[in-house]
Amino acid sequence: MRAWRFHGTNDMRLDEVPDLEVQPGGLLVKVAVTQPSVTEVIRARGEETLESDYIRKAIAERAPVQLLGHEFAGEVVEVGEGVTGYRTGDRVASGRSRLPCYRCELCLSGLSDYCRKGPSVGRQLPGCFAEYVSLPAEVFVRLPTEVTDSEGACIQALTGCVDAVHTAELKMGDTVAVFGQGAMGLAVMQVARASGAGHVIAIDVRDDVLDLSRQLGANDTVNAKESDPVQRVLELTRGRGADVVFESAGGSTRQGLAGATTLRQAIRVTRDAGTLVQVAMFDGPVELDLNQFRAKALRFLFPAPTNRKLMEYSVRLIATDQVRLKPTITHIFRSLEKLPEAFEVTANKSQYKAINPAQVVL
Ligand SMILES: [Zn+2]
């Protein structure tokens, strides 16, 4: 089969590699649609982000090596020994990339969903920038006919958004503010809406994206280039602030993202004793005044790892149109050879007016 392998940092080549075999407890899946995540694009270039070190070290020690690629949908071609609930021909998508180790204290205490010690797809386990993947069955969720392969390839990212809303412990009728209306922010906004939010405020700097936010369910939008987002959110909440705030605008300033500016704004618009969930990743340490959190008694949280129930909820949200992803999927390349083009668009989304990462249909 063919697979993209790293021969060096920023040096990916489409190579002929040995065919994969199904493993006990696993599925052999023919990849139909895949997409790089923004974080993967940064890692491929050898730049700094969460866990970049692992990729640099793997390339230095194991090149040519198959790395990255954890967002995909495809079709089961072989079911491994001991796997129940799947048949050849089933359509599946990846719902999680990190697997439990089944040996640590958490795993042995029945809390394996929280284990951070197991292998990950695209690191220890070869990923989906290839014609086939052979991975443990726990990675997958089944796709109903209502969900396309293209939407299926987004499920892992959507699951991250569902985890963020689940972590926030959103209450029915809560006022929610979402900073950033990229792929993650738009999905968080829709999941919050579907999960009981009473009033949703979306904040971004792009008018066309904010139009889409309103179409997808935001009650109010704030263009942070035209007005002070802190002041506007406080006005919209009659001075109280939002019950729950999601920060999904920040991240690498090298990629034109907001850095920690939006996080500082998010702290100010979270109501006293409210909840702030950090969805975006940063490219390095961030300077913050922690006294602000104490003074307001804020809960500052990061999305907890996913679980089977939340992965299946993500699929249902798409199948029932409660979360609409199609309007965000703007760039689709046809054939595995085009993966570098998908990386280019995903690395420069604002330049290409892309929202979701660019996809590759095999
Ligand atoms: Zn474990």
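In helix 8 (residues 229-236), the buried residues are P229, V230 and V233, where buried means under 20% relative accessible area, calculated with a 1.4 Å probe on protein chains only, and where helices (H or I, at least four residues) and strands (E, at least two) are DSSP runs numbered from the N terminus. These residues lie on the same side of helix 8 because they cover an arc of only 100° around the axis, the arc being that of the directions from the helix axis to the C-beta atoms. This is a predicted model, in which local features need pLDDT of at least 70 and side-chain atom pairs count only at pLDDT 80 or more, while totals for chains, interfaces and linings use all residues. Residues are numbered from 1 along each chain as its sequence is written, and side-chain values use heavy atoms, with hydrogens and water left out.

The cover over the buried residues of helix 8 includes strand 8 (175-179), strand 9 (199-204), strand 10 (220-223) and helix 9 (261-269). At the N-terminal end of helix 8, D228 acts as a cap, with a side-chain oxygen 3.1 Å from the backbone nitrogen of V230, and helix 8 is followed by R238, whose phi is positive, near 50°.

Strand 8 and strand 9 also belong to the elements that give two or more residues to the largest nonpolar core, as do helix 5 (155-168), helix 6 (183-194), helix 7 (207-215), strand 11 (242-247) and helix 11 (308-319). This core has 44 residues, and those with the most contacts inside it are I155, L158, V176 and F246; a nonpolar core is a set of buried Ala, Val, Leu, Ile, Met, Phe, Trp, Tyr and Cys residues joined through side-chain atoms within 4.5 Å. Apart from it lies another core, of 38 residues, among them V31, L67, F140 and A347.

Turning to the metal site, the protein donors of the zinc ion are C101, C104, C107 and C115, each through SG and lying 2.3 Å from the ion; donors are N, O and S atoms within 2.8 Å of the metal (3.2 Å for Na, K and Ca), and water is not among the atoms, so sites may look incomplete. Along the chain these donors follow the spacing C-x2-C-x2-C-x7-C, and both C107 and C115 are buried.

In strand 12 (residues 270-278) one finds T270, which is buried, with a relative accessible area of 1%. A polar atom of the T270 side chain lies 2.7 Å from the backbone oxygen of A266.

Terms used: Buried means under 20% relative accessible area, exposed over 50%, partly exposed in between (1.4 Å probe, protein chains only). Contact means heavy atoms within 4.5 Å. A polar contact is a pair of N or O atoms within 3.5 Å; within protein, one must be able to donate a hydrogen and the other to accept it, and residues adjacent in sequence count only if both atoms are side-chain atoms.
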